[in-house]
Amino acid sequence: MQDPQTDSAPEATRFARVTVVVPTYKEVENLPFLIDRVAKVRREHELDLDMIVVDDDSRDGSVELVAARPEPWVQLVTRTADRGLSPSVLDGMGRAQGDVLVCMDADLSHPPEAIPAMLHKLQEGADFVIGSRYVKGGSTSDDWGFLRWLNSRIATLLARPLTNARDPMAGFFAFRRSTFLAGRDFNPVGYKIGLEFIVKCECERVVEVPIHFEDRQLGKSKLTFRQQLLYIKHLRRLYNFKFGGWSQLAQFLTVGGLGTVVNLALLTLFLHVQVPPRPAVALAIVLSMFFNFVLNRRFSFGESRKESWIRQFLGFMSACSIGALINYAVTVLLMGKAFALRPQFAALVGIATATAFNFVASRYLVFRVSHIRPAAMRLRRDKSPRKNP
Ligand code: GDD
Ligand code: MN
């Protein structure tokens with residue numbers, strides 16, 4: 001037993017209570033081992049720790065198993081609606097009473113023995129502590145295939161603008177309940193609930209404690225390809241949350257770049273099949289505008305997708321037409337006597353001005369919903385029945 005320490009840290013800074021939230025789906029084989037190991041940590045470190053197993057109605061005997069266990073500090077919650085790992089974790093966190101919330105998997109990939117070190121980092125002032133595979137001293141089981149490794153690395157890289165953590169994908173983390181309660185707009189899709197908390201609770205000091213990530217021995221992984229795709233969707237939401245308009249602008253510019261390629265490709269195609277040049281140019285413009293519209297509606301301004309698409313389409317076409325006129329006017333002006341720029345430079349400035357106009361018009365007029373009522377949007381989408389912290 002190593003506590004209590006004799007250093008200057010006053011007793012009051014110790015966390016009165018810790019709640020471990022464990023999302024499960026068909027983990028009955030692993031639960032006994034998990035509970036045993038957590039019990040040992042709890043005993044040896046004299047932690048006031050309770051555990052909530054948040055089970056998505058596995059019907060595999062998990063309920064009976066937990067009921068038959070001698071530990072009163074373990075409870076199992078059965079969920080029947082809004083299934084999924086992230087909603088389960090949110091559900092569990094909403095019920096938890098601990099001053100510190102820990103989240104971990106049930107399959108023993110995450111060593112409960114790391115919890116005391118994680119708590120210690122919180123006491124030292126961290127906002128969010130990750131049980132990390134990718135910091136010095138951390139590791140993963142070797143039988144991870146190359147593809148899963150690559151996948152994890154790419155996913156991590158994409159999260160880089162959101163956090164400096166080396167292992168932001170981890171499902172093993174700890175933070176204060178007050179931090180959780182200060183978070184807003186939780187709306188995760190897929191698996192990366194830790195990343196969701198880092199971003200939406202605006203955690204500044206994210207600290208990592210090295211762990212050995214053990215490959216699961218029993219039962220099956222639930223990480224499907226669908227979940228991987230959902231990660232992209234989740235990332236976009238997080239970028240929008242953290243960078244707001246800048247994230248939308250980046251997407252808008254990407255779409256614009258792609259639209260240019262589409263325009264040129266179509267034009268080439270039309271000319272190739274002997275469409276006369278003028279109709280070819282006009283058709284390529286209209287079709288690429290349509291392409292841009294679809295992508296902007298789906299991505300750059302995806303939050304307003306619930307609105308009437310006809311209204312948005314007409315709005316977008318009008319905005320782009322005005323943009324084209326602005327482009328023309330600016331280019332002609334800059335080429336004229338007063339400025340006498342080379343036509344190419346004049347055209348570049350014209351394009352930049354028109355793009356800025358298009359973006360502002362699209363964001364504030366055409367696809368405006370998401371900016372005026374973000375809270376309302378969230379309520380409509382987030383169907384999970386819970387949480388009155
Ligand atoms: N309630 C609930 N509902 N729990 C679920 C669900 C679900 O739909 N899907 C999975 N779980 C539980 C599992 O029972 C397990 O306890 C935990 O979530 C992780 O699921 P695994 O199937 O073991 O996922 P993994 O090992 O592929 O992914 C882990 O590593 C990733 C990083 O490589 C998880 O820790 C991820 O969070 C992490 O991103
Ligand atoms: Mn696992």
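**Salt bridges and the ligand shell**

Glu 124 is exposed, at 54% relative accessible area. In this predicted model, Glu 124 pairs with Lys 121 in a salt bridge, with 3.8 Å from N to O. The partner, Lys 121, is only partly exposed, since its relative accessible area of 29% falls between the 20% and 50% cut-offs.

That pair is part of a wider set: a search through the whole structure turns up 17 salt bridges. Another one sits within a single helix. Lys 40 and Glu 44 bring their closest N and O atoms to 3.6 Å, and both residues belong to helix H1, which covers residues 31-44. They are four residues apart there, or about one turn of the helix. Both ends of this bridge are partly exposed: Lys 40 has a relative accessibility of 43%, and Glu 44 has a relative accessible area of 39%.

The bridge between Asp 50 and Arg 17 has a longer reach in sequence. Its closest N and O atoms are 3.4 Å apart. Asp 50 lies in strand E2 (residues 49-55) and Arg 17 in the segment before strand E1 (18-24), so this salt bridge ties together parts of the chain that are 33 residues apart in sequence. The two ends also differ in cover: Asp 50 is buried, with a relative accessible area of 11%, whereas Arg 17 is partly exposed at 32%.

Salt bridges can also join up into something bigger than a pair. Here, Asp 56, Arg 79, Asp 91 and Arg 95 are linked in a network. One of these residues, Asp 56, turns up again beside ligand 1, where it is listed among the closest residues together with Glu 27, Asp 105, Arg 216 and Lys 222.

In total, 25 residues surround ligand 1. By type, this shell splits into 10 nonpolar, six polar and nine charged residues. Polar atoms of the protein approach the ligand from both backbone and side chain. On the backbone side, a polar atom of Thr 24 is 3.0 Å from a nitrogen of ligand 1, and an N or O atom of Ala 106 lies 2.9 Å from one of the ligand's oxygen atoms. From a side chain, a polar atom of Arg 216 comes to 2.6 Å from an oxygen of ligand 1. Taken alone, ligand 1 would expose 740 Å², and the protein buries 94% of that area. As for which elements supply the shell, strand E1 and helix H3 (85-95) are the ones that give two or more residues.

Notes:
Residues numbered from 1 in each chain as written. Chains lettered and ligands numbered in written order. Predicted model: local features only at pLDDT ≥ 70, side-chain atom pairs only at ≥ 80, totals over all residues. Heavy atoms only, no water. Salt bridge = Lys/Arg side-chain N within 4 Å of Asp/Glu carboxyl O. Buried < 20%, exposed > 50% of the residue type's maximum accessible area, 1.4 Å probe, protein only. Near = heavy atom within 4 Å. Polar contact = N/O pair within 3.5 Å; in protein donor to acceptor, adjacent residues only side chain to side chain. Areas by Shrake-Rupley, 256 points an atom, 1.4 Å probe, with all protein chains shown as cover. Nonpolar A, V, L, I, M, F, W, Y, C, P; charged D, E, K, R; others polar.
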